[in-house]
Amino acid sequence: MAQKQFKSLQQKLLLSVLSVSLILAVGAATISFIEEFERSKSQTEIMLNQLLDTVEGTAAIAAFSNNAQIAQDVVNGLLKNDIVFRVRIKSDGGFIFEQAKNEAESGKKLNEKEIERPLYSPFGDGQLLGSILVQPTAKFNLNEAQHSAEINALSSIALIGVTAVIILLLVRSNISKPLSIVSNTLHAIKSGEKQRLPILRKNTNDELGRLVLDINNLLDVLESQFNEEHSLRQQIESIEQQLRDIFNSSSAGLFLLDKYGNIRTLNATLKKILHANHIDDATLTHNYPIASFFNEQTQFIALLQSALRSGRLETKDFSLQNTSGPETVWLHCLVSKVIDSSGKVGIEGVLFDVTQRVENELAIKHAADHDPLTGLLRRQAAQAAFNRYMTSNKSPSLSILLMDLDGFKKANDTYGHLVGDKVLAIAAERLLQSVRTTDIVARLGGDEFLIILINQPPPVDRFETAEKIVVSIQHPMSIDDDTIVKVGISLGIANMTHVHQDFEYLVKAADEAMYEVKRKGKNGYCIYGSDMRVKLYRPDAASPTQPEHWI
């Protein structure tokens, strides 16, 4: 910013005093002129009345006798006075005699007040004969007022000028000159210097002297603070270097983002964690979105937006994309909203490699949700999948298939638990191969299994699926070279006919259908119909081709 031109205090003071003096002088002259002009007008009126007193009698005779010669003499006598511009004598009988001076002053007479005096009979009987009118000369009043005003103005200007000069000298000597010394000396002192303001001996006991002492004390304090600040700055620089070293050597990936999720600052560890060592820092810090490193980009952006809205710490795990190894790399992200000293909003965050922890959690969750023998879902996991499907679909459509193995207990008792476990594993694999990948297969316990047909197919296809399962399970199971086991399966089907039918209701309906198969010879499937009755089908019977019975 360009520095403004310096103007000394004395120059400003001189200009100010001269300006004020000029204004006061002009004001005094104007007021004097107006007062003198009014006084001259009053004096003129008095003089005119005196003149009228002198010629009143003669003018009355002229009006009484209608004598123009006498009127002429009266008028001429009055016009010889400088203060008279026009005279008019008139009588009630119609006689009028009027005369004025030259017309050069006619433009100035209009604003002057005329004086008119009545004329009475010279014989003392009080009869009104007419009147005599006198109009004063404006120039006379103006000249008189101007002359007096000039004298008063000169006197005022002289008095004001002398007073201003004296005040100016006193102010310069006692205020402006000492202030100039203080200002120039203070301006020349640089930050941290030991130079101080000189003592003003003439102003030792006044405000300027106290100001100099206060400024010198303030300079002492500032010098002390400057030295402390210099020492503190060195300490801060040392601490900043330590923090910078910690920042770059941290085992966690540290970063700062703008409010749009672009990287602004990062440490070396972050590049290592993100497998981004091949990207230079200049590229990463130039509008590079950090979300692009993750498989769950939409969820990561939502996490950043949530941190900006809430102002709280937000955390979540994300998987890293495009890693060189076959295993998925998991990172734990912590982000929070920050506002710098300029008011700019950003996001700071930390990334940790939590691959081992996530894998352990996934393993634990998998063990909790899956049967260790068959690898199928447990009942709770199947029910949770059922609920997720129901809440995420406005028009859900599914079927529940409940089944258990026929002859399994005999095989288990005959060949032992190891063979029995092998039979269950083979049965689970055949069930998975008999349904779509979108369907849900679960082991409820023992030899009991459950299948959920998601977005259930047409009735005929559902029957074919059930028949495929029955036929598949009936195939002999080769356990080893010496052991072959053959089991059957009883299967009950419950179709969802209303959105308010929950998991337990459908399982119970399928269970009733399954036990109907067992009561009627096993190795088949039975459908729980809308008429609340169950009907049995076996693979060797005619395949049902009339699905309208089961809609």
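**Exercise 1. Classify R519 by its accessibility and place it in the chain.**

Solution. R519 has a relative accessibility of 59%, so it counts as exposed (buried means under 20% relative accessible area, exposed over 50%, partly exposed in between, with a 1.4 Å probe and protein chains only). R519 belongs to helix α13; helices (H or I, at least four residues) and strands (E, at least two) are DSSP runs, numbered from the N terminus. The C-alpha atom of R519 is 10.0 Å from that of S490, and the two residues are 29 apart along the chain.

The model is predicted: local features need pLDDT of at least 70 and side-chain atom pairs count only at pLDDT 80 or more, while totals for chains, interfaces and linings use all residues. Residues are numbered from 1 along each chain as its sequence is written, and side-chain values use heavy atoms, with hydrogens and water left out.

**Exercise 2. Describe how α9 and α13 are arranged, and list the residues in contact.**

Solution. Two packed helices are described by the angle between their axes and the distance between the axes. For α9 (residues 379-392) and α13 (residues 503-519), the axes come within 11 Å and cross at roughly 120°. Axes are lines fitted to C-alpha atoms, for helices over the stretch in contact, and angles run from 0 to 180 degrees between N-to-C directions. The crossing makes α9 oblique to α13 (under 35 degrees is roughly parallel, over 145 roughly antiparallel, 65 to 115 roughly perpendicular, and the rest oblique).

Next, the residues. From α9, R379, Q383 and F386 take part, and from α13, F503, E504, L506 and V507; contact means heavy atoms within 4.5 Å. Sorted by class, the contact of α9 with α13 has four nonpolar, one polar and two charged residues (Ala, Val, Leu, Ile, Met, Phe, Trp, Tyr, Cys and Pro count as nonpolar, Asp, Glu, Lys and Arg as charged, and the others, Gly among them, as polar).

**Exercise 3. Repeat the analysis for α10 and α11.**

Solution. The axes of α10 (residues 408-415) and α11 (residues 417-434) come within 6 Å and cross at roughly 145°. F408, N412 and Y415 of α10 meet H417, V419, G420, V423 and L424 of α11. This contact of α10 with α11 has five nonpolar, three polar and no charged residues.

**Exercise 4. Characterise the ring pair of F294 and F318.**

Solution. There are five aromatic pairs in the structure. F294 and F318 form a tilted pair, at 5.6 Å centre to centre and 50° between the planes. Rings of Phe, Tyr and Trp (its six-membered ring) pair if their centres lie within 6.5 Å; planes under 30 degrees apart count as stacked, over 60 as edge-to-face and the rest as tilted.

F294 lies in the loop between α6 (281-284) and α7 (297-310) and F318 in strand β7 (residues 314-320), so the pair ties together parts 24 residues apart in sequence. Both rings belong to buried residues: F294 has 0% relative accessibility and F318 has a relative accessible area of 1%. Ring pairs also link F294, F300 and F318 into a cluster.

**Exercise 5. Locate W330 and name residues that it touches.**

Solution. W330 is in strand β8 (residues 329-339). Its C-alpha atom is 4.4 Å from that of S319, eleven residues apart along the chain. Leaving out residues up to four places away in sequence, W330 touches, among others, E296, F318, S319, F352 and L362.
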